Amino acid sequence: MSKFPLLLLALSAFAQEPLSLRDAVKVALRENQAITASAAATRAAGTRLTQARSALLPKVNYSETFARSDNPVFVFSSLLTQHQFGTDNFNIGPLNRPDALNNFQSQVTVDQVLYDAGQTGHAVKSAELGRQLTAEEQRRAEMEVITGVARAYYGAILAAENLKTAEQAMRSAEADLRRAESIRTAGMSTDVDVLSIRVHLAAVTEQRIKSSADLEVARAALNDALGLPLDTPHSLTTPMTPADLPDLAIDSLERDAANQRPEARETALATSLAREQADASRGALRPTVSFRGAFEADRQRFVNRGGADWLASVSLHWNLFNGNADKARIAETGHWLERAKADEQRTGSAVRLQVRRAWADLRAAQQRIEVAKASVAEAEESLRITQNRYEAGMSNVTDLVRNETAVLESKTRFLAAVHDQRVAATMLEFAAGRLTADSEVLN
């Protein structure tokens, strides 16, 4: 067997692979580039924490230097550090005009901050807060991806169901056309009835064409949300049926949003970060104490004719005046802290408003489902009666077309209501900060 038929068989099998909404979410969390980017940012924040903590450890450096000169001061000092200075070096002639001298210098230094007015502690806390911020940003990105997948998934199912409804309406219109032609042949109606139904058939055919195009776009949008090639085929298995949801107390949802929404946590962390930076700016007015140790070897040749020495020192540095820059920095961080507090309060109100909007949308969608469900049943029964009456010559073509249109519209409204209920339930979980890959709302 050639490779081409095998490839077609493999593609056909892949095209029939079922994909539930929960499976789609798992694919997106694995493939969507927004998740990849946020995860990279979280890892980067973790490395910044390691960098900040490194200030608590000593800094050890090694250097190797070669110099050659006949500068009297250089020669004099090099001979001393090389432990090669002798009585002959006191002669005025060589002292004033010495021969050129080599100096190979090896140096190991150790620097350790003993006290920095809490600057390192503030830097570590700031880095930890930054890491928590990026973790919340990653969680928010995951929730947004899940929401986007749910919208796209239900959008694709809605488009498929709308296409089925349009195809059913077209078949019904074709049956009506055959019925009208039969009645006309029997001399019980005129061409007007046939032409009216043909116009109606053209309208529903046009709607079927549009629904087919909408389905193609919806499938591509789903693949985009999943992070897959736009033409990747799927067999969607989660049905477009009303979700059986428990009654949800809005007060509890608002509390969850205030405590669990990534945006709320981010603004709280940003306030803490601004406070740390404000405290750190005030620490710049206090002194710092540091230790330095050094071991040095100086040689005329790289491996011999030299000596070694060491140094240990403790130094204090106190910035007494630097042109008011520190005071300006303190004022700046105070303003940023004020802004962070205002953002935290504004975000808290915004997330509670989102909860109320999603809750209202969900309740409205559930009520619309009940109304639309009854409307579909009534429209279908009305159409059945009208078709029977039309065949018996007791109803006109206008009533028939009107009832056909009513059935199509009622089914479309029902599907839209179910779609909106599913999306609103997902958005309510998102607004409350509870949406994860394991949420029941994804079933």
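Biologist: Leaving aside its neighbours within four places in sequence, which residues is V25 in contact with?

Modeller: In this predicted model, V25 is in contact with I146, V149, A437 and L442, once the neighbours within four places in sequence are left aside. They are called contacts because heavy atoms lie within 4.5 Å of one another.

Biologist: Which residues touch the most other members of the largest nonpolar core?

Modeller: The largest nonpolar core has 50 residues, and those that touch the most other members are L21, V25, V149, Y153, Y154, L226 and M240. At least two residues of this core come from each of α2, α6, α7 (191-226), α8 (250-260), α10 (325-391) and α11 (397-431), and α6 gives the most, with 13 residues. Apart from this core lies another one, of 18 residues, including A173, V204, Y390 and V407. As a general tendency, nonpolar side chains in soluble globular proteins are buried together.

Biologist: What makes L215 count as buried?

Modeller: L215 has a relative accessible area of 6%, and buried means under 20%, so L215 is buried. This residue lies in helix α7, and, leaving aside neighbours within four places in sequence, L215 is in contact with A156, A159, A160 and L163.

Biologist: How far apart are L215 and P246 in sequence and in space?

Modeller: L215 and P246 are 31 residues apart in sequence, and from C-alpha to C-alpha they are 31 Å apart in space.

Biologist: How do you know whether S78 is buried or exposed?

Modeller: The relative accessibility of S78 is 4%, and the limit for buried is under 20%, so S78 counts as buried. The residue is found in helix α4, which covers residues 72-81, and the side chain of S78 reaches the backbone oxygen of F74 at 2.7 Å. That distance can be set against the 3.5 Å within which a pair of N or O atoms must lie for a polar contact. Not counting residues up to four places away in sequence, S78 touches L101 and N103.

Biologist: How does the reach of helix α3 compare with the expected value?

Modeller: Helix α3 (residues 33-53) has 21 residues and reaches 31 Å from its first C-alpha to its last, which is close to the 30 Å expected at 1.5 Å a residue. For α6, with 67 residues, the reach is 97 Å, close to the expected 99 Å. After α6 comes G187, whose phi is positive, near 80°.

Biologist: Which residues of α3 are buried?

Modeller: They are I35, S38, A39, T42, A45, L49 and A52. These buried residues lie on the same side of α3 because they cover an arc of only 130° around the axis. They pack against α2 (21-31) and α6 (119-185), whereas the face turned away from the buried side carries the exposed residues Q33, R43, T50 and Q51. At the start of α3, a side-chain oxygen of N32 reaches to within 2.8 Å of the backbone nitrogen of A34.

Biologist: How do you know that β5 and β6 pair, and in which sense?

Modeller: Pairing requires at least two bridges between two strands, and β5 and β6 (residues 306-317) have 12 bridges, in the antiparallel sense, so they pass that limit. In β6, the bridge partner of F291 is V314, and the bridge partner of V289 is L316. The two strands form a hairpin with 6 residues between them, and R305 in the turn has a positive phi of about 55°. Strand β5 (residues 288-299) is also joined to strand β3 (residues 101-115), by 11 bridges, and these two run antiparallel; the partner of V108 in β5 is F295.

Biologist: What is the phi of A117?

Modeller: A117 has a positive phi of about 60°, although it is not a glycine. Its place is in the loop between β3 and α6. With a relative accessible area of 5%, set against the limit of under 20%, A117 is therefore buried.

Biologist: Why is N324 called partly exposed?

Modeller: N324 has a relative accessibility of 44%, and partly exposed covers what lies between under 20%, which is buried, and over 50%, which is exposed, so N324 counts as partly exposed. This residue lies in the loop between β6 and α10, and the phi of N324 is near 70°, a positive value in a residue other than glycine.

Key: Residues are numbered from 1 along each chain as its sequence is written. Side-chain values use heavy atoms; hydrogens and water are left out. Helices (H or I, at least four residues) and strands (E, at least two) are DSSP runs, numbered from the N terminus. Buried means under 20% relative accessible area, exposed over 50%, partly exposed in between (1.4 Å probe, protein chains only). A polar contact is a pair of N or O atoms within 3.5 Å; within protein, one must be able to donate a hydrogen and the other to accept it, and residues adjacent in sequence count only if both atoms are side-chain atoms. The expected span of a helix is 1.5 Å times one less than its number of residues. The arc is that of the directions from the helix axis to the C-beta atoms. A nonpolar core is a set of buried Ala, Val, Leu, Ile, Met, Phe, Trp, Tyr and Cys residues joined through side-chain atoms within 4.5 Å.
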